[in-house]
Amino acid sequence: MKIAFATQDMKRVDAHFGWAKNVAIYEVTPDGHQFLEAIQFDGELAEDGNEDKLAPKLEAIKDCAILYVAAIGGSGAARVVAMKVHPIKVNEPESITDILNKLQVVLRDAPPPWLRKAMLKGQERQFNFDEEEMSHA
């Protein structure tokens, strides 16, 4: 499952989604995590009401299941959710490595329903019916 992090320093979730200089993308499984890529953004990133600046960031996270941010505006959050990406806001800057390690434990133990659903992002939906159920159809 791909996870995106809005970050200024590439070490912590410490950025507002719209103002982030970087989006770091990792692959995480119950057994480990791997850095995939960092997408850098430049130009005018400050809050200015210009929704167009979100387009490259939205494109960057389109394959991700979760987006960690320090903050995100209402319209940005709506656009992220519409892409079936689950935004998570951290209350204070938090280490990306710490988040990945905690996420691995949750994936191994008992992921909550929203996380199980997020894990299926990008996979074809499969329905498993056993033969007995099929014979009643």
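Hi everyone, let's start in the sheet: strands E5 and E6 run parallel and are joined by 4 bridges. Two strands count as paired if DSSP finds at least two bridges between them. Strands (E, at least two residues) and helices (H or I, at least four) are DSSP runs, numbered from the N terminus. One bridge here links Ile-66 to His-86 in E6. To get from E5 to E6, the chain passes through helix H2, residues 74–82, and this β-α-β crossover is right-handed. That term means that, with the strands pointing away from the viewer, the path from the first strand over the helix to the second runs clockwise.

A quick word on the source: this is a predicted model, where local features need pLDDT of at least 70 and side-chain atom pairs count only at pLDDT 80 or more, while totals for chains, interfaces and linings use all residues. Residues are numbered from 1 along each chain as its sequence is written, and side-chain values use heavy atoms, leaving out hydrogens and water.

Now, is E5 covered on its faces or left open? Both faces of E5, residues 66–69, are covered. Ile-66 and Tyr-68 are buried on one side, Leu-67 and Val-69 on the other; buried means under 20% relative accessible area, with exposed over 50% and partly exposed in between (1.4 Å probe, protein chains only).

E5 also pairs with E1, residues 2–7, in the parallel sense over 3 bridges, and Ile-3 stands opposite Ile-66.

Stepping back, the open sheet has 5 strands in the order E4-E3-E1-E5-E6, with mixed pairing. Its edge strands are E4 (32–40) and E6 (86–89), each pairing on one side only. E3, residues 22–29, pairs with E4 in the antiparallel sense over 8 bridges, and Ile-25 stands opposite Glu-37 in E4. Thanks for listening!
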